[in-house]
Amino acid sequence: MKVVIIIGIVLLVLVSVWYTNKTGINSEFHNKQKALAVSNILDKPLDFGYKMVWIAVKTKENMAAVEILLNYLSTEFGEAHFFGTNRVVEYHSWMKSKNGKMERIYSYLGESMENIKVFGEPTKAEEGLKLFNSLSEDAKNEAYFEREDLTYADEMLVMEIAEKWGVNPTKLSTRTDIKKELGLAGK
């Protein structure tokens, strides 16, 4: 009986290989959908839930929730980063936590030309930048807002900081050290 089962399995594998070679089927996923157009028209959130993973924190203190989560993750794994960017309202943000302690936060909202939060000393990745800081003592003087030596965060700068801290998500397809697999978790 065992011999019959083994022969059956071998035949099934051989037929499967023959069929995939004949039809050109392989294990690579090819998305045939059209690319989605980006819109800046306000809309409502989309429903989601099944076959997904998410974290929900009931709070009006979004920044505090992110800080706590990053600090927890960096306690467990040594270092954790957060990056955010939205070109419509010119929101640009980065955070770095090491060993359970927040080291750096820079969060800027260009639409209103104000910082949401600035914390910690600039990191090596930010060296040479005179980042705009509406929360600084210098910003209490109107002349501060006319300075030409200030750097205003934009999405390119967020990607540069991400790359210097670890991974630039806009360059994942050019990396040769990442093998094809289902999903990617911070390599």
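1. Val 118 is a convenient place to enter this structure, which is a predicted model; the residue sits in strand β4, which covers residues 114-119. Because its relative accessibility is 25%, Val 118 counts as partly exposed, the cut-off for a buried residue being under 20%. Although Val 118 and Tyr 106 are 12 residues apart along the chain, their C-alpha atoms are separated by 4.7 Å. When residues up to four places away in sequence are not counted, Val 118 touches Arg 104, Ile 105, Tyr 106, Asn 133 and Leu 135.

2. Val 118 also belongs to the surroundings of a pocket. The second largest pocket has a volume of about 210 Å³, and of the 16 residues that line this pocket, the closest to its centre are Arg 104, Val 118, Pro 122, Leu 131 and Asn 133. By character, the lining of the second largest pocket divides into seven nonpolar, three polar and six charged residues.

3. For the overall layout, the protein has three helices and four strands, and from the N terminus on these elements follow the order α-α-β-β-β-β-α. Of the 187 residues in the protein, 22% are buried. Among contacts in the protein with a separation of 6 or more, 35% are between residues 24 or more positions apart.

4. The nonpolar interior deserves a point of its own. In soluble globular proteins, nonpolar side chains tend to be buried together. Here the largest nonpolar core holds 14 residues, of which Trp 94, Tyr 106, Phe 132, Ala 153, Leu 157 and Ile 161 touch the most other members. Strand β3 (101-109) and helix α3 each supply at least two residues of this core, and α3 gives the most, with four residues. A second, separate core consists of six residues, including Met 63, Leu 70, Ala 80 and Met 95.

5. Phe 132, one of the well-connected members just named, can be followed further through its contacts. Leaving aside neighbours within four places in sequence, Phe 132 is in contact with Tyr 106, Tyr 108, Met 113, Glu 114, Asn 115, Tyr 144, Phe 145, Leu 150, Thr 151 and Tyr 152. Tyr 106 thus appears both in this list and among the residues that Val 118 touches.

6. Helix α3, which covers residues 155-165, has Leu 157, Val 158, Met 159, Ile 161, Ala 162 and Trp 165 as its buried residues. An α-helix has 3.6 residues a turn, so residues three or four places apart point the same way. What covers the buried residues of α3 includes strand β1 (79-86) and strand β2. At the N-terminal end of α3, Asp 154 acts as a cap, with a side-chain oxygen 3.2 Å from the backbone nitrogen of Met 156.

7. His 92, in strand β2 (residues 91-98), is worth examining beside this helix. Is His 92 buried or exposed? Its relative accessibility is 0%, and therefore His 92 counts as buried. The side chains of His 92 and Glu 90 are joined by a polar contact of 2.7 Å, while the side chain of His 92 also reaches the backbone nitrogen of Glu 155 at 3.5 Å. Apart from neighbours within four places in sequence, the residues in contact with His 92 are Gly 84, Thr 85, Asn 86, Tyr 106, Ser 107, Tyr 108, Ala 153, Asp 154, Glu 155 and Val 158. That list includes Asp 154, the residue that caps α3, and Val 158, which is one of the buried residues of the helix.

Conventions:
Residues numbered from 1 in each chain as written. Predicted model: local features only at pLDDT ≥ 70, side-chain atom pairs only at ≥ 80, totals over all residues. Heavy atoms only, no water. Buried < 20%, exposed > 50% of the residue type's maximum accessible area, 1.4 Å probe, protein only. Polar contact = N/O pair within 3.5 Å; in protein donor to acceptor, adjacent residues only side chain to side chain. Contact = heavy atoms within 4.5 Å. 1 Å grid on protein atoms, 1.4 Å probe; cavity = no way out; pocket = protein on both sides within 12 Å on 5 of 7 lines; lining within 4 Å. Points joined across faces, edges and corners; volume = space filled by probe spheres on them. Nonpolar A, V, L, I, M, F, W, Y, C, P; charged D, E, K, R; others polar. Core = buried A, V, L, I, M, F, W, Y, C linked by side-chain atoms within 4.5 Å.
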